[in-house]
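Dear colleague,

I am passing on a structure that you have not worked with before, and I would be grateful if you could read the notes beneath it with the model open beside you.

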Amino acid sequence: MADMQRVLFHETVFGPIRSRRLGSSLGVNLSPTDGKVCSFDCLYCEAGYNAQGPGTSGLPRRAEVARQLEERLKSMKADGTPLDVITFSGNGEPTMHPDFAGVIDDTIALRDRYFPDVKISVLSNSTRLRRPDVAEALKRVDNNILKLDSAFDRTVALLDRPVDPRYSVADVIESLMSFDGQAIVQTMITAGEHDGEAVDNSTDEEIDALIEAYRRIKPREVMIYTIDRKTPERSLRHISREKLESIADRITRETGITVQVSG
C-alpha cells in the first residue's frame, strides 16, 4: 500500500541531528524545501515519492547555501556545540544541483575555517557519476557514500525506480570502480511488495551478486542498513539485526571489505 508521505526537510541547512551511521550531523539539503527532486523514486524514501512534485521554492543558490552554512557553523562554534560531520542528503539527490561542485568547494573552505576536524559526507544514489565535475567533487569529500542496492537491473527497477529508463547497474558499477577505493558503498536491505510484485534484495542470489560487485568496486567500506522509519511503500519490512550481521560477516569473509551495519 502506498502512502502520501511528504518531504522531511524544510530547511537548506538543518540539525545537527544524530545519524545512525555518521554521528552528530549537520545536514545540507540541496533540493527544494517544499518538494522533491530526485533521479530515483525509491519505495523506501523517507522524503516520500517524487509524485508530490518539486514544490515552488526551487533549488537553493550556491551563495545562499554557503551563507546559511557559515551562519550555522559560526553559531555552533560559539556555543561549543559538538559536530562530527556535515552531511549532504535532504529531499532528493544532492548531485543534481547545477552548482554541486562549487557548493562542495565552499563547504570544504567553511569546514576548514570553523571545524577543521569535522568530516564532510555526501549521500548519493550514484546516478550522476558520469559527470566529471560531480565525480571530481565527490573525490574531495571525506565520506563519498554511494548507493548500490542491487546488482540486478530488475531489482533496482522495482526498489529504486530510476527516473532515467537508460539506467544500468553495469554502468554504475563501472563508475564506482573509477573511484579506486575512494568510496563507501551503501546498500539498503529490505523486502516487501509493490503493485503486486515482490521485491527482496536480502536473498542469497542478491547477496551473491552484490558480493561480486563489491569485489570489483573495492570500496573503502560497505554500509548495509534497513528501514527504521515510515516508508511510502508500507509493505516493506525491517530486516533483523541478526540477518544483517550474517550478511555483513559473509561480505567481509568473501571480500575482505569492512562492513558497517545499521538497523
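The structure holds two aromatic pairs, where rings of Phe, Tyr and Trp (its six-membered ring) count as paired if their centres lie within 6.5 Å, and where planes under 30 degrees apart are called stacked, those over 60 edge-to-face and the rest tilted. One of these is the stacked pair of Phe9 and Phe14, with 4.1 Å from centre to centre and 20° between the planes. Phe9 is buried at a relative accessible area of 17%, and Phe14 is buried too, at 5%; buried here means under 20% relative accessible area, exposed means over 50%, and partly exposed lies in between (1.4 Å probe, protein chains only).

Phe40 and Tyr167 form an edge-to-face pair, 5.6 Å from centre to centre with 65° between the planes. Phe40 lies in the loop between strand S2 (23-29) and helix H1 (62-79), while Tyr167 lies in the loop between helix H4 (153-159) and helix H5 (169-177), so this pair ties together parts that are 127 residues apart in sequence. Both Phe40 and Tyr167 are buried.

Please keep in mind that this is a predicted model, in which local features need pLDDT of at least 70 and side-chain atom pairs count only at pLDDT 80 or more, whereas totals for chains, interfaces and linings use all residues. Residues are numbered from 1 along each chain as its sequence is written, and side-chain values use heavy atoms, with hydrogens and water left out.

Two rings also have a charge over them, meaning that NZ of Lys or CZ of Arg is within 6 Å of the ring centre and within 35 degrees of the ring normal. The charged end of Lys139 sits over the ring of Phe179, 5.9 Å from its centre, and that of Arg154 sits over the ring of Phe152, at 4.5 Å.

As for the sheet, eight strands form an open one in the order S1-S2-S3-S4-S5-S6-S9-S10, with mixed pairing; helices (H or I, at least four residues) and strands (E, at least two) are DSSP runs numbered from the N terminus, and two strands pair if DSSP finds at least two bridges between them. Strand S1 (13-19) and strand S10 (259-262) are the edge strands, each pairing on one side only, and the twist averages 25° from one strand to the next.

S1 and S2 run antiparallel and are joined by five bridges, with Val13 standing opposite Val28 in S2. S2 and S3 run parallel, again with five bridges, and here Ser25 stands opposite Val85 in S3. Seven of the seven residues of S2 are buried, so this strand is largely enclosed by the rest of the structure. Towards S10, four bridges join strand S9 (residues 221-225) to S10 in a parallel arrangement, and Met223 has Gln260 as its bridge partner there.

Finally, the largest nonpolar core has 72 residues, of which Leu73, Phe88, Leu148 and Ile224 touch the most other members; such a core is a set of buried Ala, Val, Leu, Ile, Met, Phe, Trp, Tyr and Cys residues joined through side-chain atoms within 4.5 Å. Helix H2 (residues 100-114) gives the largest share of this core, seven residues.

With best wishes

How values were computed:
Axes fitted to C-alpha atoms, helices over the stretch in contact; angles between N-to-C directions.
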